[in-house]
Amino acid sequence: MDKFKEKFEAEWERYREDTENKYPNIMLLGTSGAGKSSLINTVFGQNLAKVSDVKPETRGYDTIYRGKDYGNTVNLIDTAGYELDQGESYYREVKKIISEGIEEGPIHIVWYCVPVTNERIQEMDIDILCRLMEEPSIRKRICVVFTKCDQDSEEGTKAEALKQVIADKVQFQVKSFETSNVKGLELGLKDLIQWSANAIENEDLRAKFIASQMADLEQKRSFAGKIIATATAAAAGIGATPIPFSDAVLLVPVQVAMISKIIDGYGVSSLASISEAVISDVIVTNLGKSIVSSILKVIPGIGTLVGGVISAGVAGALTGAIGFAVSEICYNNVKKFLEGHPVDWTNLFESEEFSQSVAEAFRMKK
């Protein structure tokens, strides 16, 4: 089984190199005081004031915060507030960025922030929305985010009034979400995250967005479930023509891609501020050992069995069980961390808990 562990570590390095520094680009529009910083804090668990310490690139009306500089997996393009006499120049700059993107690639989603506390929408905001929504390529990437909705009435009358203004004045239907940065008052925050994820067409970039957001753990778990299902089917395909136990390494590329996407999906490296070196040298080594230990546990005698084979059912069940164990351990520990409890990130997959989780899941899936 040493061959399995060596292959696991090599495939991990290759996979990480292929996906390095590819992040989705999120643009935030709205006047000064629209609640953009608070929205970022709530969705990504990032304090924009601290993010600003990385000396972002500032151009014209926008400031770019690159995820690689502040330990996250999204690039944020934050537009500065504007003066009422800057309407045309502000619009041209905004449209140029949305149309042409930034150095790292196109703008994937746009959050147009409108605070309900103002109880009105500036005519300039309406004008910009109308003109942007006329562009088919841009239209599907823009939504309105009503911020500070904790200061709305219990019936949400302020937000409803603003929605009606947009419906009356903007020719095309604009998706909108009510949000609040008050803990426990979620409103439409999870719906905003779901819409944003779906609006990002590239699968890898969508995964990076889901990894970056810290407001909806169930979204992460659901995403992990889809990754596991895909990997399980791929592994079963490899085992469709039964392979010898000695060729179990054929499953490694599928399992490594699955595990890496799951760990990234939960944002473990961002939360823990773990360097890629530590992930590769410590976490992956422990994980490789734990998987070998799990295989030995769920398939007794694998090391001595002569002529034994791994069938499609076993290959799929084993891969699914490993994915389930990784997902549940990530889910439970990220939840602990967000609740303020200490987590030993480097030893997540070293414990007996991992092997037991794999064994239990394997029995259920087999």
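**Entry 1: whole chain**

I looked up the accessible surface first and found about 16500 Å² for the chain, with 48% of that area belonging to carbon and sulfur atoms. I note here that the model is predicted. I then asked what share of the 366 residues is buried. Buried residues come to 52% of the chain. For secondary structure, I listed 16 helices and nine strands. I also checked how far apart in sequence the contacting residues lie: of the contacts between residues at least 6 apart, 77% join residues at least 24 apart.

**Entry 2: strand E4**

I went to strand E4, residues 75-79, and checked burial along the strand. Five of its five residues are buried, so E4 is largely enclosed by the rest of the structure. I sorted the side chains by direction. Asn-75, Ile-77 and Thr-79 point one way from E4, while Leu-76 and Asp-78 point the other way, and all are buried.

Next I asked which strands pair with E4, and in which sense. Strand E1, residues 25-29, pairs with E4 in the parallel sense over four bridges. In that pairing I looked up Ile-26, whose bridge partner in E4 is Leu-76. Strand E3, residues 62-65, also pairs with E4 over four bridges, but in the antiparallel sense. Here I looked up Thr-63, and its bridge partner in E4 is Asp-78.

**Entry 3: nonpolar cores**

I recorded the general expectation that nonpolar side chains tend to be buried together in soluble globular proteins. I then looked up the cores in this model. The largest nonpolar core holds 73 residues, and Trp-111, Phe-209, Ile-259, Val-326, Phe-349 and Phe-354 have the most contacts inside it. Which helix gives the most to this core? I found helix H15, residues 312-338, with 11 residues contributed.

I followed Val-326 and set aside its neighbours within four places in sequence. The contacts that remain are with Ile-259, Ile-262, Ile-263, Leu-287, Phe-349 and Phe-354. Apart from the largest core lies another, of 33 residues, and I noted Met-27, Ile-98, Tyr-112 and Leu-132 among its members.

**Entry 4: helix H6**

Leu-132, one of the members I had noted in the 33-residue core, is also one of the buried residues of helix H6, so I checked H6, residues 123-133, as a whole: eight of its 11 residues are buried, and the helix is therefore largely enclosed by the rest of the structure. The buried residues are Met-124, Asp-125, Ile-126, Ile-128, Leu-129, Cys-130, Leu-132 and Met-133.

Technical notes. Residues numbered from 1 in each chain as written. Predicted model: local features only at pLDDT ≥ 70, side-chain atom pairs only at ≥ 80, totals over all residues. Heavy atoms only, no water. Buried < 20%, exposed > 50% of the residue type's maximum accessible area, 1.4 Å probe, protein only. Helix = DSSP H or I, 4+ residues; strand = E, 2+ residues; numbered from the N terminus. Pairing = 2+ DSSP bridges. Core = buried A, V, L, I, M, F, W, Y, C linked by side-chain atoms within 4.5 Å. Contact = heavy atoms within 4.5 Å. Areas by Shrake-Rupley, 256 points an atom, 1.4 Å probe, with all protein chains shown as cover.
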